[in-house]
Amino acid sequence: MLIVGLEKYKETWNLKSSDEIKPGLDAIKHALKLLDNPQDKLAVVHIAGTNGKGSTLTFIEQIAMQHGINVGKFMSPCIVDVHDQIQVNGQYITEEEFNQLFAQMQRAGLSGQLTDFELLTCAAFLYFVYREVDLVLLETGMGGREDCTNVVMPIVSVITSISLEHTKFLGADLSSIASHKAGIIKKEKPVVVGKLPEEAMKVIEDEALKKNAPLFVLDKQIHVITSTTGDRYMNDDLGIEIAPLYRKLPGNHQGENMALAITAFLEIGQHFSIKVDVEKIKKGVLNSKLQGRFEQVLKNVYFDGAHNPASAQMLVNTIKQQFPNEPIRFVIGMLADKDVKKVLTILESVSDEFYFVDFPNSRAMNAQQMLNLSKASKKSVLKDREGFLKDCSNLPGKTIVTGSLYLLTDLRKEILNIK
């Protein structure tokens, strides 16, 4: 798994780690013990899910900050480089701070013991202790049960969604994948869950019952009604209703992510014994925005990291809501281990114009291969990405750049140079 910018720190401090994916907790538990277990000193919200993790985390972050809580967050993959994966109150970790952490990890003898992502996770825990944050929002890297972030005892766990992904590691059916996600549910700690397929929900419910974990499920204990005149949030168990809620992140699915975030924050409020302020929740929701989620980067040009069928369908739904009857063109690049053909089929329901691009990642599918899978009548491999997107800002309709978040990271650097 490529982590942009990490190599520099590894080389500076002669700290070796591998870029492989190695599920399991033994290595990171040993490493954290050498670091005096920083994760045990943190109040954590642990978030897993196929889609919606980043958006839900952002809603929680903004609501918490409105209540005066200092928030650390650890997200993946990066948007630009490794510095944006570790933040406190929206500010990226600095080079100087990273160097201090790597010196500390090198002294502790971590070289050669971990994967890149495990090393970064250790750095994040150390940083949040050093910054004395009140709350950590922790996003799983992959799955949950055997993900290296699963070494914490959270205030509340959140499982946003479950669909087929990382089948090589997580299993080929929804029950297997749900079992991995369910691993973040801890004994007697509440868990907030989005809309899940029936077979996945049964696995989550069984795990929650086994752990005696209070369960809050969208459309069961919690509800959201989305509308152009503001959303309405309802929590049956707590007898709470909040309306109207306005958000900048468009699409009904973001209303659902918002509802999960509000529910999680009500548990956070109880943990910190703070008075939850409805107006501060509303302001936090309104302030929430996220790079790479239906994000306008130029006039008529949007970035959205729809990298699997479920997120592609959400993107299509949002396009229909936001840009009805407008011509749509897609610029797309994806990783070869994703369900590329199904994603293309879903996107082709709203557009017949596709431009396929290569990007620097060893797992990326060749642009020509992607083109061969497409049934669009107007399609080509795009070489001059920067010039094309600049031209698109002056064309009728909307251009959506989508697929891998790694592609969005790569293109963002080009786009920033032409703004």
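This passage describes the sheets, helices and some unusual backbone positions of a predicted model.

Strands of a sheet pair through backbone hydrogen bonds, and the pairing may be either parallel or antiparallel. In this model, six strands form an open sheet with mixed pairing, and their order across the sheet is E12-E13-E17-E14-E15-E16. The edges of this sheet are strand E12 (295-298) and strand E16 (378-381), each of which pairs on one side only. On average, and with direction ignored, neighbouring strands of the sheet are turned by 25° against each other.

Within the six-stranded sheet, strand E14 (residues 328-333) and strand E15 (residues 353-356) run parallel and are joined by three bridges. Across this pair, valine 331 stands opposite tyrosine 355 in E15, while isoleucine 332 stands opposite phenylalanine 356 in E15. Helix H14 (residues 385-392) packs on the sheet, where it touches E12, strand E13 (301-304), E14, E15 and strand E17 (398-403). The direction of H14 makes about 160° with that of E14.

In a regular strand, the side chains alternate between the two faces of the sheet. Strand E15 can be read with this in mind, for Glu353 and Tyr355 point one way from the strand, whereas Phe354 and Phe356 point the other way. All of these residues of E15 are buried.

An open sheet of three strands is also found, with the order E9-E10-E11 and antiparallel pairing. Strand E9 (222-225) and strand E11 (240-245) are the edge strands here, and each pairs on one side only. Neighbouring strands of this three-stranded sheet are turned by 10° against each other on average, direction ignored. Four bridges join strand E10 (residues 231-235) to E11, and these two strands run antiparallel. Asparagine 235 stands opposite isoleucine 240 in E11.

Helix H9 lies across E9, E10 and E11, and runs at about 40° to E10. This helix covers residues 252-272, and at 1.5 Å a residue its 21 residues should span 30 Å, which agrees with the 30 Å that separates its end C-alpha atoms. Of the 21 residues of H9, 16 are buried, so the helix is largely enclosed by the rest of the structure. H9 is followed by serine 273, which has a positive phi near 55°.

The same kinds of description can be given for helix H5 (residues 116-130), whose 15 residues should span 21 Å at 1.5 Å a residue, and whose end C-alpha atoms are indeed 21 Å apart. Because 13 of the 15 residues of H5 are buried, this helix is largely enclosed by the rest of the structure. Glutamate 132, which follows H5, has a positive phi near 55°.

Two packed helices are described by the angle between their axes and the distance between the axes. For helix H7 (residues 174-181) and helix H8 (residues 198-210), the axes come within 8 Å and cross at roughly 35°, and the crossing is right-handed. On the H7 side the contact is made by Leu174, Ser175, Ala178 and Ser179, and on the H8 side by Glu199, Ala200, Val203 and Ile204. Sorted by class, the residues in the contact of H7 with H8 are five nonpolar, two polar and one charged.

In the loop between H8 and strand E8 (215-217) lies asparagine 212. Its relative accessibility is 53%, and asparagine 212 therefore counts as exposed, the cut-off being over 50%. The C-alpha atoms of asparagine 212 and proline 38 are separated by 27 Å, the two residues being 174 residues apart along the chain.

Most residues other than glycine have a negative phi, and most peptide bonds are trans. Against this background, asparagine 14 has a positive phi of about 50° although it is not a glycine. Asparagine 14 lies in the loop between helix H1 (6-12) and helix H2 (26-34), and at 47% relative accessibility it counts as partly exposed. Glutamate 188, likewise not a glycine, has a positive phi of about 60°, and is found in the loop between H7 and strand E7 (191-193).

Cis peptide bonds are also present in the model. One of them joins serine 76 and proline 77, with omega about -5°, and proline 77 has its place in the loop between strand E2 (71-74) and strand E3 (86-88). Another cis peptide bond joins alanine 243 and proline 244, with omega about -10°; proline 244 lies in strand E11, which is an edge strand of the three-stranded sheet.

Definitions and conventions
Residues are numbered from 1 along each chain as its sequence is written. This is a predicted model: local features need pLDDT of at least 70, side-chain atom pairs count only at pLDDT 80 or more; totals for chains, interfaces and linings use all residues. Side-chain values use heavy atoms; hydrogens and water are left out. Axes are lines fitted to C-alpha atoms, for helices over the stretch in contact, and angles run from 0 to 180 degrees between N-to-C directions. A crossing is left-handed if the near helix is turned anticlockwise from the far one by less than a right angle, and right-handed if clockwise. Contact means heavy atoms within 4.5 Å. Ala, Val, Leu, Ile, Met, Phe, Trp, Tyr, Cys and Pro count as nonpolar, Asp, Glu, Lys and Arg as charged, and the others, Gly among them, as polar. Two strands pair if DSSP finds at least two bridges between them. The expected span of a helix is 1.5 Å times one less than its number of residues. Buried means under 20% relative accessible area, exposed over 50%, partly exposed in between (1.4 Å probe, protein chains only).
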